[in-house]
Structure formats: C-alpha cells, structure tokens
Amino acid sequence: SAPVGTQLSDIKAKVNALMALDNEYSQYLQVIAGPRVGVSIPGSLRTQWLSGVTNYACLVARLSPQIATTNQTLPGVTELRYNLSLRQMNDLTGNKYVTFRAKNGRISVVDGVTTAPDIVIGEDVMKSDYTRLSTLRIANYITTEVRRALDAFIGAPNEFTMYTSMNTAIKSVIKTAIDRAIIQDARYTIRLGQSLDSSVVEMTILPQFELRTIDVSIGLSTPENF
C-alpha cells in the first residue's frame, strides 16, 4: 500500500513499517516497496499513480534469464510519486524489497532481489543461493530446457543405448546455454531410478553472476609522468 502522503514524515513512517515486517517468503516471490510510479494514459492529461508491480512484471518477462532487473529501466513509467533516500533504499534492499529510483533521467530498479529466506545452520546465517532473481531465472531456464529435451524419450525403452541419446540431448542444452552466456558451465550424471521404469538426471550448473558493483580508483599525477 502507498504511504498516507508524500511528506518526508509519511515516507519515513512507511519505510519503518516495512522494515518491521518479516519479508522472507520464497525465492519465487518478490515484494515491490515502491515508490509509486506515474504513467500516462491515452486520452487523459492526468498522471496515473500505480504500485509499479505490473511495470516490473513486464520488465522481467522481456529480459533474458541471465540479465538481472538491477539497474534496468522500468517500462512505461514517466516519474515517481516521491523519492526514497539512499539510506532508505539500502535498508529496504537489505530487507529484500524491490525499490525504484530516478537515475540519469530514467526510472530504474535499484536491485533485483527475491524474498528467499536465509539459511540458518546452528549459529550461522547464510544467504540463499536464490536471493538474486537472475540466478533463479537461470536455474528455471535450465530445468525447463532439460525437461523439454528429454520429453521425447518418455515411453522409449529404458536401456543403455537410450541413455546415450539422452546424454547428447542434455549436452546440446548446456552448449546452447553457454553460447548464450546464460551459464558458465555445467556437469551432470544420468542413472537408473529406484524403479525399472525411471531414470534420474543430477545436474550442477555454474550460473552467470550479475555485476552489482564497480569500484573506480582515481589518482593524481604530474605532467612529466604522463
């Protein structure tokens, strides 16, 4: 829901309320924290203010799996209802909310983070492998493509010669994914399942990792050193 107003106190109260919530749900869910976005409706001179959820969903749908939503321009948006401070954006991102900002004359996504719960092992807390939306989409892409490639073998004899063909099909999926820079590498095994009418494919992938930080170091020199 939107803040009760656009004053700094209203925005602060809304951010504090969001930070007080447990925002860990699932790697398949993202929560949009705003700000609300302005769109132009044909035939209307007034800016319409929306949550930005639909615009974000459209952005995700048109991106390749390995391209993160981080820093991407939000489609169809002309302005923001209000602005979050850098600290507020950082706090919300840390609590796994997706936020928007005005940057370089465009409205962009701050960070493509999911609500994947942290993993607690004893006293240690580790981030989920699927905190990044791009990692989740890469894994989903590989899963879908492998299933599609192996669907043709359903109903065929469960014998060694068929496993050779399945191996070729999986290698083709991996090669295509590497060529498209969706993954960096993958390894897998195919074995007989627990029953005589099943087989099991176990795969480990090395996904592409999104670039989130660029550190620039600048030093000074004298003319004679150039």
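**Reasoning through a predicted model**

Author: Start with one bridge: G38 has E79 of β4 as its partner. Keep in mind that this model is predicted.

Reader: What makes β2 and β4 a pair?

Author: Count the bridges. A pair needs at least two. Strand β2, residues 37-40, and β4 have 2 bridges, in the antiparallel sense. The cut-off is met, so β2 and β4 pair.

Reader: What is the order of the strands in the open sheet?

Author: The order is β3-β2-β4, and the pairing is antiparallel.

Reader: Why do β3 and β4 stand at the edges?

Author: Count partners this time. β3 (47-50) and β4 (79-80) each have a single partner strand, so one side of each has no neighbour in the sheet.

Reader: How do you know that K96 and E24 form a salt bridge?

Author: Check the distance. The closest N and O atoms of K96 and E24 are 2.9 Å apart. The limit is 4 Å, so the pair qualifies.

Reader: Which parts does this pair tie together?

Author: K96 sits in the loop between α3 (86-94) and β5 (97-103). E24 sits in the loop between α1 (8-19) and β1 (31-34). The parts are 72 residues apart in sequence, so the salt bridge joins stretches separated along the chain.

Reader: Is K96 buried or exposed, and how do you know?

Author: K96 has a relative accessible area of 3%. Buried means under 20%, so K96 is buried.

Reader: What makes E24 "partly exposed"?

Author: E24 has 30% relative accessibility. That value falls between the cut-offs of 20% and 50%, so E24 counts as partly exposed.

Reader: How do you know that K127 and D118 form a salt bridge?

Author: Their closest N and O atoms are 3.9 Å apart. That is within 4 Å, so the pair counts. K127 is exposed at 51%, since the cut-off is over 50%. D118, at 23%, is partly exposed. E24, K96, D118 and K127 are linked in a network of salt bridges.

Reader: How far apart are R148 and E145 in helix α4?

Author: They are 3 residues apart, which means about one helical turn separates them. Their side chains meet in a salt bridge, at 2.4 Å from N to O. R148 counts as exposed, with 53% relative accessibility. In total, the structure holds 10 salt bridges.

Reader: What makes a set of residues a nonpolar core?

Author: The residues must be buried, and their side-chain atoms must join within 4.5 Å. The largest such core here has 18 residues. Among those touching the most other members are I142, F153 and I174. α4 (133-150), α5 (160-179) and β9 (183-192) each supply at least two residues. α5 gives the most, with 8.

Reader: Which residues is I174 in contact with?

Author: Set aside its neighbours within four places in sequence. I174 is then in contact with I183, A186, Y188 and M203. Another core lies apart, with 15 residues, including L63 and V98.

Reader: Which residues make the nonpolar surface patch?

Author: L211, I214, V216 and I218 make this patch, of about 520 Å².

Reader: Is I218 buried or exposed, and how do you know?

Author: Its relative accessibility is 77%. Exposed means over 50%, so I218 is exposed. I218 lies in the segment after β10 (199-207).

Terms used: Residues are numbered from 1 along each chain as its sequence is written. This is a predicted model: local features need pLDDT of at least 70, side-chain atom pairs count only at pLDDT 80 or more; totals for chains, interfaces and linings use all residues. Side-chain values use heavy atoms; hydrogens and water are left out. Patches are made of residues with over 30% relative accessible area and no salt bridge: like charges are joined within 9 Å, nonpolar side chains (Val, Leu, Ile, Met, Phe, Trp, Tyr) within 5 Å. Accessible areas come from the Shrake-Rupley method with a 1.4 Å probe; for residues, only the protein chains shown count as cover. Helices (H or I, at least four residues) and strands (E, at least two) are DSSP runs, numbered from the N terminus. Buried means under 20% relative accessible area, exposed over 50%, partly exposed in between (1.4 Å probe, protein chains only). Contact means heavy atoms within 4.5 Å.
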